Amino acid sequence: MPTPAQDAINRGFVAHLRVHGETCLFNGTTFLGVLGQLRADDPRMVGVTDSVSLLSVLTEALPSPRPKRGGSVVYAGKDTLRITQVPRDQPSGITEFVVAK
């Protein structure tokens, strides 16, 4: 059961997806995601040589089997993003993928 704060984050993210979400394609299944940039001081950037971003999606919208490290997701019908780290599931129901173009 999510806490009130986790529920608020989830509801805010759903609203964010409605406005800024783009279609993602993985194994023939589509879902919405939002692509953002990681800050240079983010610990996930340590040792990274690629241009990396963070793809955030609703966990419940992910297909089965889910994308995993080494897999690719087509974003907005044009960019192929390679998953570079193991996806992180947040308690708020959001999954974060660190991806490289």
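User: Is arginine 11 buried or exposed in this model?
Analyst: This is a predicted model, in which local features need pLDDT of at least 70 and side-chain atom pairs count only at pLDDT 80 or more, while totals for chains, interfaces and linings use all residues. Residues are numbered from 1 along each chain as its sequence is written, and side-chain values use heavy atoms, with hydrogens and water left out. Buried means under 20% relative accessible area, exposed over 50% and partly exposed in between, with a 1.4 Å probe and protein chains only. Because its relative accessibility is 53%, arginine 11 counts as exposed.

User: Which residue does arginine 11 meet in a salt bridge?
Analyst: A salt bridge is a side-chain nitrogen of Lys or Arg within 4 Å of a carboxyl oxygen of Asp or Glu. The partner lies four residues apart from arginine 11, about one turn of the helix, and both are in helix H1 (residues 4–20), where helices (H or I, at least four residues) and strands (E, at least two) are DSSP runs numbered from the N terminus. With an N to O distance of 3.2 Å, the side chain that arginine 11 meets is that of aspartate 7.

User: How many residues apart are lysine 101 and aspartate 79?
Analyst: Their side chains meet in a salt bridge with an N to O distance of 3.9 Å. Lysine 101 lies in the segment after strand S7 (94–100) and aspartate 79 in strand S5 (residues 79–83), so the pair ties together parts whose separation in sequence is 22 residues.
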